[in-house]
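Work through the following exercises with the coordinates open. Each task is followed by a solution in steps.

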Amino acid sequence: MTYADFDYYQNAYHGILITSANDYASFAERAGDELAPFANRVPATDDGQTALKRCACRIADILYGDWKQSKNGVSKISSESVSGYYSVSYATPTYGQIRLQINSAIALFIGRYVLGARKVMI
């Protein structure tokens, strides 16, 4: 299930990573799969649904970024040094790192609904 369409992604969430509606549709569906176990605990209020949509957009970005890196063979620099010889080490995110990013997005956007956390007023 898709919680946020491409129009929402571009205009309300202001997403810039995914530029194609077709690409977004694929990753938004996968983001919906990640959110399905939690969605029924998010209230049908405007705030609750906005949080759910923003979470879906963030997860779509995470999944798309991982796919784009693996597709292009691009890795993040994990270390760099200049002691005698210039050396750079690269690393691709592991499944656990991607999982952590997704869990962090869920906690950030809809955690107060699904984790029992209280909204903190600053």
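**Exercise 1. Span of a helix**

How far apart are the end C-alpha atoms of helix α2 (residues 21-39), and what would a straight helix reach at 1.5 Å a residue?

Solution. The model is a predicted one.
- Step 1: helix α2 has 19 residues. The expected span is 1.5 Å times one less than that number, and for a straight helix this comes to 27 Å.
- Step 2: the end C-alpha atoms of α2 are only 23 Å apart, so the helix falls short of the straight span.
- Step 3: look for a bend. At D33 in α2 there is a kink of about 35 degrees, and the proline P37 follows shortly after.

**Exercise 2. The start and the buried side of α2**

Identify the side-chain contact at the start of α2, then list the buried residues of this helix.

Solution.
- Step 1: a side-chain oxygen of S20 comes to within 3.2 Å of the backbone nitrogen of N22, at the start of α2.
- Step 2: the buried residues in α2 are Y24, F27, A28, A31, G32, L35 and A39.

**Exercise 3. Classifying ring pairs**

Classify the aromatic pair of F27 and Y64, and then that of Y64 and W67.

Solution.
- Step 1: the structure holds seven aromatic pairs. One of them joins F27 and Y64, with 5.4 Å from centre to centre and 90 degrees between the planes. Planes over 60 degrees apart count as edge-to-face, and the pair of F27 and Y64 is of this kind.
- Step 2: place the two rings in the chain. F27 belongs to helix α2 and Y64 to helix α3 (residues 46-72), so the pair links distant parts of the chain, 37 residues apart.
- Step 3: both F27 and Y64 are buried.
- Step 4: turn to Y64 and W67. Their ring centres are 5.6 Å apart and their planes stand at 45 degrees, so this pair is tilted.
- Step 5: Y64 and W67 are both in helix α3, three residues apart, which is about one turn of the helix.
- Step 6: check the accessibility. Y64 has a relative accessible area of 5% and is therefore buried, whereas W67, at 29%, counts as partly exposed.
- Step 7: name an aromatic cluster. F6, Y9, Y13 and Y24 form one.

**Exercise 4. D7 and H14**

Where do D7 and H14 lie, and is each of them buried, partly exposed or exposed?

Solution.
- Step 1: D7 is located in helix α1 (residues 6-11). Its relative accessible area is 48%, so D7 is partly exposed.
- Step 2: the C-alpha atom of D7 is separated by 8.6 Å from that of A21, 14 residues apart along the chain.
- Step 3: H14 sits in the loop between α1 and α2. Its relative accessibility is 58%, so H14 counts as exposed.
- Step 4: read the backbone angle. Most residues other than glycine have a negative phi. For H14, phi is positive, near 60 degrees.

**Exercise 5. The whole chain**

Summarise the chain by its elements, burial, contacts and surface.

Solution.
- Step 1: there are four helices and two strands, in the order α-α-α-β-β-α along the sequence.
- Step 2: of the 122 residues, 30% count as buried.
- Step 3: among contacts with a separation of 6 or more, 66% are between residues 24 or more positions apart.
- Step 4: the accessible surface is about 7800 Å², and 53% of this belongs to carbon and sulfur atoms.

How values were computed
Residues are numbered from 1 along each chain as its sequence is written. This is a predicted model: local features need pLDDT of at least 70, side-chain atom pairs count only at pLDDT 80 or more; totals for chains, interfaces and linings use all residues. Side-chain values use heavy atoms; hydrogens and water are left out. Buried means under 20% relative accessible area, exposed over 50%, partly exposed in between (1.4 Å probe, protein chains only). The bend at a residue is the angle between axes fitted to the seven residues ending there and the seven starting there. A polar contact is a pair of N or O atoms within 3.5 Å; within protein, one must be able to donate a hydrogen and the other to accept it, and residues adjacent in sequence count only if both atoms are side-chain atoms. Rings of Phe, Tyr and Trp (its six-membered ring) pair if their centres lie within 6.5 Å; planes under 30 degrees apart count as stacked, over 60 as edge-to-face and the rest as tilted. Contact means heavy atoms within 4.5 Å. Accessible areas come from the Shrake-Rupley method with a 1.4 Å probe; for residues, only the protein chains shown count as cover.
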